[in-house]
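Me: Please take me through one part of this protein up close: the place where two helices meet, and the packing that goes with it. I'm in my first year, so tell me what the terms mean as you go.

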Amino acid sequence: IDERLVWGFGAGEPFSRHLLTVTAAGDPRVRHIARRWLDAAPDDGPVWSFTDLRTAEPISTVTWAGHEIDPAEARVAVAAGQGVADVRLFHPVFANFVAAGEEGERDVAHVGFMLLQLALGEEDFGLWLRSFAFAAEEPEGAMPLAELPGFIDRLAGACPRWLTLQGQADGKPVMVGTRAPLSPLVGPLFTRHVVAQLLFADVLDDGQAGEASAKALADFHEDAMATLADDGLLVATETADGMRLLHFYVDPETDATERLASLTDTWTEGDHEIVAAEDPAWERIGHLRA
């Protein structure tokens with residue numbers, strides 16, 4: 001299907017004898033391909049089941065580069081952000097790897113990445129970790145790695161939600177609304193970025209929307225989501241200098257882009273424009289992540 005995909009077999013317990021996994025292996029550019037493969041798969045049955053994301057697994061002691069690695073000795077320090085987490089993972093074996101030089105640093109990265117993904121599973125790893133690093137000394141306030149999934153579950157329980165951020169451009173505020181979490185894993189098939197640019201009429205001195213235009217923009221948001229239904233998402237907005245940008249991601253195999261274009265043509269407060277581009281990794285909204 002695509003040489004960037006990774007596949008493997010495993011036990012399908014408790015529902016099937018075997019599990020076939022075909023995954024993008026963390027590459028957001030092919031996440032949609034793995035999901036379309038899953039959507040085309042047969043229904044799960046007593047013999048075979050299918051998934052496009054590696055699941056969390058209990059892990060026992062493994063050997064890597066001549067070292068015995070006990071996951072129970074791993075500890076992690078977590079800093080929670082707004083709908084995301086930054087983690088530093090420590091394991092006693094990392095110091096031995098680092099002493100071996102450049103090759104040892106690669107071993108640290110390999111083992112650390114493996115431990116985090118096995119603890120969380122591919123989906124939670126991709127959705128909730130904003131950054132991760134590996135430490136040769138135990139960070140202050142670290143907890144056992146086994147407690148990380150519970151922490152992430154509590155973080156996920158407060159999401160999805162919308163965050164309000166503020167910046168400055170030419171001395172005036174830029175107001176940003178952004179979805180948390182903001183990741184291609186939220187909608188693996190939504191690979192087309194569509195921006196609706198709306199100029200509004202009721203403009204305050206700081207460039208933001210006055211009461212009349214604020215209501216018109218809110219109504220447009222609601223109409224857009226109703227228009228998209230299950231074929232896309234509004235993921236972020238930017239408002240400055242009498243203009244609002246609405247960032248959508250949609251499924252390009254539907255007519256969602258055309259539906260948004262038709263809705264945008266009903267905007268009467270000022271000039272309007274729709275711009276669409278393929279962006280399966282959601283790179284075009286990277287600057288809006290909290």
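Reply: Here's the overall picture, then the helix pair, then the packing.

This is a predicted model, where local features need pLDDT of at least 70 and side-chain atom pairs count only at pLDDT 80 or more, while totals for chains, interfaces and linings use all residues. Residues are numbered from 1 along each chain as its sequence is written, and side-chain values use heavy atoms, leaving out hydrogens and water.

The protein has seven helices and 15 strands (DSSP runs, H or I of at least four residues for helices and E of at least two for strands, numbered from the N terminus). Its C-alpha trace spans about 70 × 50 × 30 Å along the principal axes. Of the 290 residues, 44% are buried (under 20% relative accessible area, with a 1.4 Å probe and protein chains only; over 50% is exposed, in between is partly exposed). Take the contacts (heavy atoms within 4.5 Å) with a separation of 6 or more: 66% of them link residues 24 or more positions apart.

Now zoom in on α6 (residues 211-228) and α7 (residues 256-264). Their axes come within 9 Å and cross at roughly 150 degrees (lines fitted to C-alpha atoms over the stretch in contact, with angles from 0 to 180 degrees between N-to-C directions). So α6 and α7 are roughly antiparallel to each other (that label needs an angle over 145 degrees). On the α6 side, F220, D223, A224, T227 and L228 make the contact. From α7 come A256, R259, L260, L263 and T264. Sort these contact residues of α6 and α7 by type, and you get six nonpolar, two polar and two charged.

What about the packing elsewhere? The largest nonpolar core (buried Ala, Val, Leu, Ile, Met, Phe, Trp, Tyr and Cys joined through side-chain atoms within 4.5 Å) has 28 residues. L89, L145, L148 and I152 have the most contacts inside this core. At least two residues each come from β7 (85-90), α2 (93-98), α3 (102-120), α4 (122-128) and α5 (148-157), and α3 gives the largest share, six residues. Leaving aside residues up to four places away in sequence, L148 touches V76, V78, V87, L116, L120 and M143.

There's also a second, separate core of 17 residues, including A196, F200, A224 and A256. That brings us back to our helix pair: A224 of α6 and A256 of α7 both take part in the helix contact.

Key: Angles under 35 degrees count as roughly parallel, over 145 as roughly antiparallel, 65 to 115 as roughly perpendicular and the rest as oblique. Ala, Val, Leu, Ile, Met, Phe, Trp, Tyr, Cys and Pro count as nonpolar, Asp, Glu, Lys and Arg as charged, and the others, Gly among them, as polar.
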